[in-house]
Amino acid sequence: MSERIKILTGIFGFLILFGGCRSALVPAGYKLSPREVSNSFTGSWIDISYGTGDTAALKLNLSGELIALNEDTAYVLTETAFVPLTVKNIISAKLHVFNPQAAIWPVSGLLSFIPNIVGEIANSTGGGFVLLGAPVAGFGILFGLAETRSNATLKYPDKSSFDEFVKFARYPQGLPAGLETGKLHLIK
Amino acid sequence: MKQTKIVPGGFILFLFAVILMNCGCATTLIRGMHDPHLINSYSSVKNVKVHMKDGSLFMLDSLITYETSDTIDGYGIYYDKYRDIVKFNIHKSGIVIDSVFKIALPDVALLEVNSIKNLRGKAIAMTLISVASLGLTTYCLINPKACFGSCPTFYSWDGNDTTLMAEGFSSSILSIYEKDDIDMLWSACPTDKIFSLRLTNEALETHTIRSANILLLPREADSRVFATETGDFFQTSHIQSPALCTAPEGDCLEKVIAMDKMERYSESDRNNLISKEIIELTFDNVPEGDLGFIIGCRQTLMTTYLFYQSLAYLGSSAGYFASRIESGDKSLQKRVDRVRELLGGIELFIRNSDGKWVKLNEIAENGPIASDIHLIRLPRTGSKELNMRLRLTKGLWRINYLALGTLMKQVNPTIIEPSLVISEKGITTNPECLLRDPQNPLVTLPGDVYDLYYSFPDFPGNYEIFLKSRGYYIEWMREPWLREENHLKAALFFGMPWLFMKMAADDFKKTEPVMEESFWNSRYVRKN
């Protein structure tokens with residue numbers, strides 16, 4: 001394999017691997033682009049690791065829509081049930097605010113880079129076409145790296161306090177009076 | 001040393017990545033939750049969610065508040081507490097289909113407003129970069145002869161930045177054409193006794209460089225030193241710009257009065273690439289004494305285009321013909337020379353006392369990258385006004401600077417060989433005699449970068465700095481060129497170049513407008 005092909009394969013591999021850094025399994029109705037968030041009428045999807053009692057021996061992992069949060073209780077609507085969880089027993093939580101954009105920029109860079117790869121393979125310019133496309137691929141990767149600081153995903157307790165999750169609940173004002181929890185349903 | 005400080009490209013990229021990761025450039029959702037009573041009076045907010053105390057939700061395209069009213073109005077969708085749609089008063093298309101929602105403020109729990117930070121800017125930046133890259137790539141795919149070419153290129157510190165100063169032996173396309181090339185480093189600005197040049201190979205070429213010496217020439221205040229085509233150096237004073245400079249397109253004086261980025265050039269003739277044009281010059285208040293005409297110029301990319309086109313037509317036979325020329329085939333050499341002669345240099349004419357135009361000299365230095373400055377000695381006319389003409393091929397030359405000067409005295413250069421040659425890659429093969437022993441030349445490949453260091457006798461010294469380089473280069477064949485192999489056209493190019501120049505004119509015109517920009521954007525330029 002020529003050096004040129006190796007380099008191109010490496011670039012492809014990096015971009016594909018980078019593009020593969022996707023978010024966890026979040027139902028389609030809750031996988032929102034940043035722009036769609038303002039049109040969402042639900043709470044955000046949350047993955048919770050929960051330890052019952054004083055010990056974390058009985059650890060429970062559950063995922064669902066964050067319905068509401070008050071001082072000591074988080075209410076989550078899973079596929080099967082409406083679950084109140086004691087906040088102090090939550091070991092960790094990951095709130096999916098919107099789809100991480102980290103993969104989009106490298107993929108855009110890769111797509112824009114394809115003509116350069118074609119040009120290089122067809123013309124053997126000793127890297128000339130690759131260099132021409134390097135800025136667009138480079139910016140794609142850098143923009144992707146910059147997204148690691150995004151608030152697309154909030155993580156408790158690593159980077160966020162649980163209080164920050166309140167405004168991403170379906171009812172940020174708290175559970176409304178007279179709510180019949182049996183009537184709550186997820187968005188498909 | 002300021003001008004030779006090397007910052008590895010990888011480090012810059014890493015630094016850029018770190019800055020980008022820490023500058024708050026990530027896409028960020030900012031969700032604001034507002035007390036309904038604090039919302040500004042008489043204001044209008046777009047895309048707002050109204051969370052009601054009973055758990056229901058109004059998702060409004062816009063929201064209107066009134067100072068005197070305890071309701072807020074809006075159009076959008078109303079969901080009940082279980083998020084089933086109860087009512088909507090506006091269609092997706094934006095057409096209002098029902099009466100406005102009137103929401104009682106006391107029933108509102110929270111107002112939610114979302115905004116996205118840093119998404120649009122990045123999208124615009126990425127789009128612009130992609131479009132530019134795609135455009136240039138497409139152009140280079142269609143016109144590969146307009147991209148990825150140059151000669152040995154020299155950079156140095158100009159007081160503000162490391163800039164391109166000279167290109168070496170552009171016409172030495174085979175070892176048989178090897179020759180000395182003297183280039184004035186017009187804006188070089190040494191910062192101490194150690195002067196440095198950065199030598200790069202930015203093309204798909206193999207450069208064989210036998211020497212790259214600095215010529216130091218003493219200069220007095222208010223004078224500069226220029227070189228003639230024969231390699232003589234003259235201290236020149238009382239440098240004056242032309243009073244008039246007229247080309248076929250009109251007055252072009254502004255473009256030639258300073259050695260700056262402004263250049264006078266014209267487009268080639270649509271019917272014949274060797275059509276000539278004339279630029280008329282007038283100098284007023286001409287002083288007595290020995291005079292010299294100063295011209296700063298470079299070629300356009302026409303020669304590069306024709307050179308590449310000839311290689312393409314020769315295709316797989318290019319190596320065979322090159323070896324024949326190298327072996328001393330005089331008839332082939334003459335054919336190559338004939339093409340050069342047809343394109344020609346910049347001919348200089350002067351009107352003598354009889355009113356007749358007399359040809360004085362011709363500037364024919366090849367190279368489209370860096371302007372070089374030439375001095376042509378003028379005969380004494382005894383007149384206070386000097387009329388001159390430049391005759392040149394249309395679309396072949398970019399003229400940067402025209403002036404007249406008084407030749408004070410001839411001066412001899414101090415020749416300084418590089419004391420140190422360091423590869424950017426850290427490879428120092430044969431460091432003792434690199435660029436000092438002509439029998440052991442420095443051979444560079446695409447992307448190679450070398451820093452050349454010279455020890456000046458004193459600093460600061462009032463010097464004019466020239467670069468004298470010697471060597472040759474071999475152009476690499478490109479795969480798409482081979483697809484254009486056509487020996488009939490090659491025979492026409494070298495056998496009847498005057499006819500070929502007519503036939504190729506239209507094709508060249510198609511690429512000419514963007515050739516310069518594409519060329520500069522496609523080179524492997526790496527500055528300090």
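Which residue of S27(B) does Arg198(B) stand opposite? In this predicted model, Arg198(B) faces Asp451(B) of S27(B), and the two belong to a pair of strands, S11 (residues 194-200) and S27 (residues 449-455) of chain B, that run antiparallel and are joined over 7 bridges. This pair is part of an open sheet of 5 strands in chain B, whose order is S9-S8-S11-S27-S25 and whose pairing is antiparallel. The sheet is bounded by strand S9 (162-167) and strand S25 (420-423) of chain B, each of which pairs on one side only, and from one strand to the next the twist averages 30 degrees. Strands of a sheet pair through backbone hydrogen bonds, in either the parallel or the antiparallel sense.

Two residues in loops of chain B that are not glycine nevertheless have a positive phi. Phe169(B), with phi near 30 degrees, lies in the loop that runs between S9 and strand S10 (179-184) of chain B. This residue counts as buried because 26 C-beta neighbours are found inside 10 Å, the cut-off for a buried residue being 20 or more. Asp222(B), for which phi is about 60 degrees, is placed in the loop between strand S12 (205-218) and strand S13 (223-227) of chain B. In contrast to the buried Phe169(B), Asp222(B) is exposed, since 8 other C-beta atoms lie within 10 Å and a residue with 12 or fewer is classed as exposed.

Helix packing in chain B is illustrated by helix H4 (residues 302-314) and helix H8 (residues 487-495), whose axes come within 7 Å and cross at roughly 135 degrees. The angle makes H4(B) oblique to H8(B), and the crossing of these helices is left-handed. On the side of H4(B), the contact is made by Ser310(B), Tyr313(B) and Leu314(B), while H8(B) contributes Lys489(B), Ala490(B) and Phe493(B). Classed by residue type, the contact of H4(B) with H8(B) comprises 4 nonpolar, 1 polar and 1 charged residues.

The two chains touch through an interface in which 50 residues of chain B are in contact with 48 residues of chain A. On the side of chain B, at least two residues each are supplied by helix H1 (9-22), strand S1 (28-34), strand S2 (44-52), strand S3 (57-65), strand S7 (108-117), helix H2 (119-142) and helix H7 (479-482). The largest share of this side, 13 residues, comes from H2(B). By class, the side of chain B that touches chain A has 30 nonpolar, 11 polar and 9 charged residues.

Chain A has a secondary structure of 3 helices and 6 strands, and from the N terminus on its elements follow the order α-β-β-β-β-β-α-α-β. Of the 188 residues in chain A, 39% are buried. Among the contacts in chain A between residues at least 6 apart in sequence, 67% join residues at least 24 apart.

In chain A, 6 strands form an open sheet with antiparallel pairing, in the order S4-S3-S2-S1-S5-S6. The edges are formed by strand S4 (82-86) and strand S6 (153-156) of chain A, each pairing on one side only, and the twist averages 35 degrees from one strand to the next. Within this sheet, strand S1 (residues 45-51) of chain A is joined to S2(A) by 7 bridges, the two running antiparallel, and Gly64(A) in S2(A) is the bridge partner of Ile46(A). Strand S2 (residues 59-69) of chain A is in turn joined to strand S3 (residues 73-77) of chain A by 4 bridges, again in the antiparallel sense. S2(A) and S3(A) form a hairpin with 3 residues between them. Along this hairpin, Ala68(A) stands opposite Tyr75(A) in S3(A), and Leu69(A) stands opposite Ala74(A) in S3(A).

A cis peptide bond is found in chain A from Tyr156(A) to Pro157(A), with omega near 5 degrees. Pro157(A) is located in the segment after S6 of chain A, the strand that forms one of the edges of the sheet described above.

Note on methods. Residues numbered from 1 in each chain as written. Chains lettered and ligands numbered in written order. Predicted model: local features only at pLDDT ≥ 70, side-chain atom pairs only at ≥ 80, totals over all residues. Pairing = 2+ DSSP bridges. Axes fitted to C-alpha atoms, helices over the stretch in contact; angles between N-to-C directions. Contact = placed C-beta atoms within 7 Å. Nonpolar A, V, L, I, M, F, W, Y, C, P; charged D, E, K, R; others polar. Parallel < 35°, antiparallel > 145°, perpendicular 65-115°, else oblique. Left-handed = near helix turned anticlockwise from the far one by under 90°.
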